[in-house]
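The exercises below are meant to be worked with the sequence and the model side by side. Try each task before reading its solution.

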Amino acid sequence: MITVKGLTKRYARNTAVDHISFEVQKGQIVGFLGPNGAGKTTTMRMLTCFLTPTGGAATVAGFDILEQPLEVKKRIGYLPETPPVYPEMRVGEYLSFVGQLKGLSRSDLESRVGYACERCSVADVRNKLIGKLSKGYRQRVGLAQAIIHNPDVLILDEPTAGLDPKQINETRDLIKSLAGDRTIILSTHILPEVSQTCEQVIIINKGKIVATDSVSNLQHRARSGESVLVEVAGRNGSLDPAAVQRKLEQIAGVNRVIPKADGQKRAIFEVESGQSQSIRGDVARAVVESGWDLNELRAASMSLEEVFLQLTGTETPAEMEAVAAGGQKE
Amino acid sequence: MRNIWIICRKELRSYFVSPIGYILLVTFAVIAGFFFWTIVNGVLQVTMEAQMEGEPYPMNINEQIIRPLLLNLSVIQLLLIPLITMRLFAEEKRTGTIELLVTSPITDTEVILGKWLAAVLMYSCMLLTVVLDMLFLFKYGQAAWKPLAVGCLGMLLQAGGLLAIGTFISSLTRNQIIAGAVTFGACLLLFVMGWVSAYDGATWATVLSYLSLNSHFESFAKGVIDTKDVIYDVTVIFVGLFFTARSMESLRWRS
């Protein structure tokens, strides 16, 4: 449905999108994931013919975005980051204006406006001024606007940004229900959104694609190397964490030992191995044979969050927590 | 054609759901009414004095009332035209609705023509308030309608050019105030730049005076259609809209 080949957008000083290529099949929901400023919006804007790419090519529903932009635009429903609504218009008026813009015939217009209102649950505010609506409603009006001409492709830029948790869930359900034979691309920097709504993920960072895979594969990929958490305690009430770390590092197959917490009596380490076979037995043996107590030993599976951070190379979860905690204190 | 009308209708609507449309209409009507009243009064004064002295004054409503009124209004409109055009693109760029227009299956030209047409229609409504004043001249005097029609056509053509320039300037910024101020400066400059030829006979002064707005309105005010003037106005309209199209195109490369 969507083919992108070497798409590039360069500005005077920086390259926003750098030779990205991907394909989206008909009926798929694809999540565009990346930190802020990664190039998600730029890519979407190029696909919707809002921006002209500096290089590369893309086709939507078989039409080239440079050669036949009008045909492409007819087949795309687009919700930009801020819903493109006119505050001085009423919801119904606005939707029929957009319907006309998208080329709906007069006979279809009324029924399509009704349908879009119904689907996006804005029927109850149809006669209200958009400027008086809450953020959540405005977002839904934006979605209604995107589906009004029954497009084959929906492109949604951060559809849940700025909504409260309840509205986020409703919007996600709505997006899923809109899928059917439609192809949906949505961008987000929130991970659970991807695992909940999308089948396929494209992780993008600094204008480049760092991973393209299905959600389950990505999670699986994260677990390919095993990672275990061990809590060790000293038998006679004192413990030398450095000695424990040294011991753990000596175990065959261990790549890295990360101290997670240490104290006078006990210490917690994360042990990562590159092997596919389990090292848990070896770890347990090493601890007990050295005369320490093994308080806890469990597999630490990598969350999607960690995969994402690993791939995009930004902060570690611990740092992020620290930032979040710091932010809360302020 | 249909798409131009869709955009135009939406723009016209937004003039009249916000106070701006009414403010423009009232302001123009009041100012035009004031000028109309003073001019008519002045003419009456002169004729009355002439009659008392026993030598009837030959009255020509078109020459003595309509012509000076239109000349005055062609200056007044310099102040009001920026208010008509300043929001056309600047507002859409600020709120992000430009993204909706640009990603809809309509061409840039249709968007621009729709917006410009709405501005022209808004201006026509304002001009209509003046025509209402003039209806009195037909009721109580013998005015000729043809010179009046030509005068109004001249006003429309000249305003069309200024509105096209305003549309272009609005497409350059996301700030309405900037768009309005720059448009006002451009309109005023275009109007006064012909004055240099009064003091200077050099070629460049003649060129400037030819390019100036007011030198192309005098014949219209007299009720004469001069092809030269029509071509001038149409050129200004075309150039303004052409640059708007280029500016919209550049949006696709920059933003």
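## Exercise 1: Chain B as a whole

Read along the sequence, chain B follows the pattern α-α-α-α-α-α-α-α-α-α-α. The model is a predicted one, and this holds for every exercise that follows.

Task: find how many helices and how many strands chain B has, and describe its extent and its contacts.

Solution. Begin with the elements: chain B holds 11 helices and zero strands. Next, take the C-alpha atoms of chain B along the principal axes, where they fill a box of roughly 75 × 50 × 30 Å. Then turn to burial, for which 37% of the 255 residues of chain B count as buried. Finally, look at the contacts in chain B between residues at least 6 apart in sequence, of which 79% join residues at least 24 apart.

## Exercise 2: One lysine in chain B

Task: locate Lys10(B) and decide whether it is buried or exposed.

Solution. The first step is to place the residue, and Lys10(B) is found in helix H1 of chain B, which covers residues 2-17. The second step is to count its surroundings: there are 20 other C-beta atoms within 10 Å of Lys10(B), and because a residue is buried at 20 or more, Lys10(B) is buried. The third step compares sequence with space, since Lys10(B) and Gly114(B) are 104 residues apart in sequence, yet 9.0 Å apart from C-alpha to C-alpha.

## Exercise 3: The six-stranded sheet of chain A

Task: work out the strand order of the open sheet of six strands in chain A, and say which strands stand at its edges.

Solution. Going across the sheet, the order is S6-S7-S8-S3-S9-S10 in chain A, and the pairing is mixed. Strand S6 (76-79) and strand S10 (208-214) of chain A each have a single partner strand and stand at the edges, so one side of each is left without a neighbour in the sheet. From one strand to the next, the twist averages 15 degrees.

Now follow the pairs one by one. S6(A) and S7(A) pair in the parallel sense over four bridges, with Gly77(A) standing opposite Leu154(A) in S7(A). Strand S7 (residues 153-157) and strand S8 (residues 183-188) of chain A also pair in the parallel sense, over five bridges. Here Val153(A) faces Thr183(A) in S8(A), while Leu154(A) stands opposite Ile184(A) in that strand. The link between these two strands includes a helix: S7(A), helix H6 (residues 165-178) of chain A and S8(A) make a right-handed β-α-β unit. Another helix, H5 (residues 135-147) of chain A, lies across S6 and S7 of chain A and runs at about 165 degrees to S6(A).

## Exercise 4: Strand S7 and the core

Task: find which residues of S7(A) point one way and which the other way, and then trace what Ile155(A) touches.

Solution. Five of the five residues of S7(A) are buried, so this strand is largely enclosed by the rest of the structure. Val153(A), Ile155(A) and Asp157(A) point one way, and Leu154(A) and Leu156(A) point the other way. Leaving out residues up to four places away in sequence, Ile155(A) touches Met44(A), Leu47(A), Thr48(A), Ile76(A), Tyr78(A) and Ile185(A).

The same isoleucine can then be placed in a wider setting: the largest nonpolar core has 123 residues, and Tyr94(A), Leu95(A), Ala144(A), Ile155(A) and Leu163(B) touch the most other members. Helix H6 of chain B (residues 108-140) gives the most to this core, with 12 residues. Apart from it lies another core of 16 residues, including Val228(A) and Phe269(A).

## Exercise 5: Where the chains touch

Task: find how many residues each chain gives to the contact, and which helix of chain A gives the most.

Solution. Count both sides to begin with: chain A contributes 20 residues and chain B contributes 16 residues. On the side of chain A that touches chain B, helix H2 (69-75) and helix H3 (91-101) of chain A each supply at least two residues. Of the elements there, H3(A) gives the most, with four residues. Sorted by kind, the residues on that side of chain A are 11 nonpolar, five polar and four charged.

Methods:
Residues are numbered from 1 along each chain as its sequence is written. Chains are lettered from A and ligands numbered from 1 in the order in which they are written. This is a predicted model: local features need pLDDT of at least 70, side-chain atom pairs count only at pLDDT 80 or more; totals for chains, interfaces and linings use all residues. Two residues are in contact if their C-beta atoms, placed from the backbone, lie within 7 Å. Ala, Val, Leu, Ile, Met, Phe, Trp, Tyr, Cys and Pro count as nonpolar, Asp, Glu, Lys and Arg as charged, and the others, Gly among them, as polar. Two strands pair if DSSP finds at least two bridges between them. Axes are lines fitted to C-alpha atoms, for helices over the stretch in contact, and angles run from 0 to 180 degrees between N-to-C directions. A nonpolar core is a set of buried Ala, Val, Leu, Ile, Met, Phe, Trp, Tyr and Cys residues joined through C-beta atoms within 7 Å. A residue is buried if 20 or more other C-beta atoms lie within 10 Å of its own, exposed if 12 or fewer, and partly exposed in between; C-beta atoms are placed from the backbone. A crossover is right-handed if, with the strands pointing away from the viewer, the path from the first strand over the helix to the second runs clockwise.
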